Amino acid sequence: MTQNLPSPASPLKIGTRGSPLALAQAHETRDRLAAAFELPQEAFEIVVIKTTGDNQALIAADRPLKEIGNKGLFTKEIEEAMLTGAIDIAVHSMKDMPVAQPVGLLLDCYLPREDVRDAFISPSLSSITELAPGSVVGTSSLRRRAQLLNRRPDLKVVEFRGNVQTRLKKLDDGVAECTFLAMAGLNRLAMENVPATGIDTDDMLPAVAQGAIGIERRADDSRSGDMLAAIHDTETAQRLAAERAFLAALDGSCETPIAGLAELDGTTLRLRGEVLRPDGSEALQDAQTCAIEDGPELGREMAAKLLEQAGEGFFDWRG
């Protein structure tokens, strides 16, 4: 292994999107690898790849994800670059990742998970309960839209896309009274100046894998595999195994409002799941515990239970 480590002359190429958050996550990955193998930062090259999801025209148009390509929007071009050898590894926000990887690629490294909560963002208010009836709230998340309308059907929800800076400007411009982001992203960007309040997971169950960074590699690249194993966080992997099994058994696209969170306590895993109609008119929830190693099976069982509870017609809107 020591003879085959990257160097400034032959760096390991880390693929990422170009947003401030994506770059922060790529830098964290680089720094963890550099520390683990006592390498200079110059032994790694961060390669920015523009994805379909970064198209400024689509962001400005505030079009829903499902209209422009779903989760693959943020990964397709990066994964293609990895398959051609243009990059060695790719750093992803796990909540953006499809539940299946392309043939030839593996996703088997996760960094320690950040805060999983959603953040309520408003310059003047600190919670959903403070919103006046009929208030306009902005979000691009189908899950958050459905959860908000389920709890507060009086609210008006408008499509809200873009990075943190774009969304804050929209609030300043009066497009909406508030919006929602992931606390993890704000923490990773050290954005203490953003008017954010964490939302308890009992009040808004987060997206599956929210707050987690995953690192993808080619299946036949043993050097990258060995290096990534040194920074892999087992607890995050155990939690995501249950959550992503739950998601996969329901519907792994961005077209279904699904929330899920696994938490560990000693040798026990607790999984909470929620599936909603997009208009918020109905929400089904479940919470169960099991041994950590049984997390994926529990995820599949919970999905089957909720699908059965949903009954005929619940998913008709999927077409």
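This talk describes the fold, the nonpolar cores, one helix pair and several individual residues of a predicted model.

Good morning, colleagues. I begin with the chain as a whole. The protein chain contains ten helices and 13 strands. It has 319 residues, of which 53% count as buried. If one takes the contacts with a separation of 6 or more, residues 24 or more positions apart account for 71% of them.

I turn now to the interior. The largest nonpolar core has 27 residues, and M94, F246 and L269 touch the most other members. Six elements each supply at least two residues of this core: the strands β4 (105-110), β11 (258-265), β12 (268-276) and β13 (283-291), together with the helices α9 (234-250) and α10 (295-310). Which element provides the largest share? It is α9, with six residues.

F246 deserves a closer look. Leaving aside residues up to four places away in sequence, F246 touches V208, I258, A259, G260, G273, E274, G299, R300, M302, A303 and L306. Apart from the largest core lies another one, of 18 residues, which includes L12, I89, C109 and L111.

The next topic is the pairing of α9 with α10. These two helices pack at an angle of about 35 degrees, and their axes are 7 Å apart. Is the crossing left-handed or right-handed? The crossing of α9 and α10 is right-handed. On the α9 side, the contact is made by A241, A242, A245, F246, A249 and L250. On the α10 side, the residues are G295, P296, G299, R300, M302, A303, L306 and L307. By class, the residues of this contact divide into eleven nonpolar, two polar and one charged.

One member of that contact, L307, belongs to helix α10. L307 counts as partly exposed because its relative accessibility is 31%, which falls between the limits of 20% and 50%. L307 and A249 stand 58 residues apart in sequence, while their C-alpha atoms are 9.3 Å apart in space.

I now move to two charged residues. R144 is found in helix α5, which covers residues 142-151. Is R144 buried or exposed? With a relative accessible area of 7%, R144 is under the 20% limit and therefore buried. Its side chain reaches the backbone oxygen of F180 at 3.5 Å. Beyond residues up to four places away in sequence, R144 touches D118, T139, F180, L181, A182, M204 and Q210.

The other charged residue is E159, located in the loop between β7 (156-158) and α6 (164-172). E159 has a relative accessible area of 16%, so it too is buried, the limit being under 20%. The side chains of E159 and R145 are joined by a polar contact of 3.5 Å.

Finally, I would draw attention to two alanines with positive phi values. A190 lies in the loop between α7 (183-188) and β9 (196-198). Its phi is near 55 degrees, a positive value in a residue other than glycine. A190 counts as partly exposed, at 46% relative accessibility. A209 lies in the loop between β9 and β10 (213-218). Although A209 is not a glycine, its phi is positive, at about 70 degrees. A209 counts as buried because its relative accessibility is 1%, under the 20% limit.

To close, I return to α9: this helix supplies six residues to the largest core, and its residue F246 also takes part in the contact with α10. Thank you for your attention.

Terms used: Residues numbered from 1 in each chain as written. Predicted model: local features only at pLDDT ≥ 70, side-chain atom pairs only at ≥ 80, totals over all residues. Heavy atoms only, no water. Core = buried A, V, L, I, M, F, W, Y, C linked by side-chain atoms within 4.5 Å. Buried < 20%, exposed > 50% of the residue type's maximum accessible area, 1.4 Å probe, protein only. Helix = DSSP H or I, 4+ residues; strand = E, 2+ residues; numbered from the N terminus. Contact = heavy atoms within 4.5 Å. Polar contact = N/O pair within 3.5 Å; in protein donor to acceptor, adjacent residues only side chain to side chain. Axes fitted to C-alpha atoms, helices over the stretch in contact; angles between N-to-C directions. Left-handed = near helix turned anticlockwise from the far one by under 90°. Nonpolar A, V, L, I, M, F, W, Y, C, P; charged D, E, K, R; others polar.
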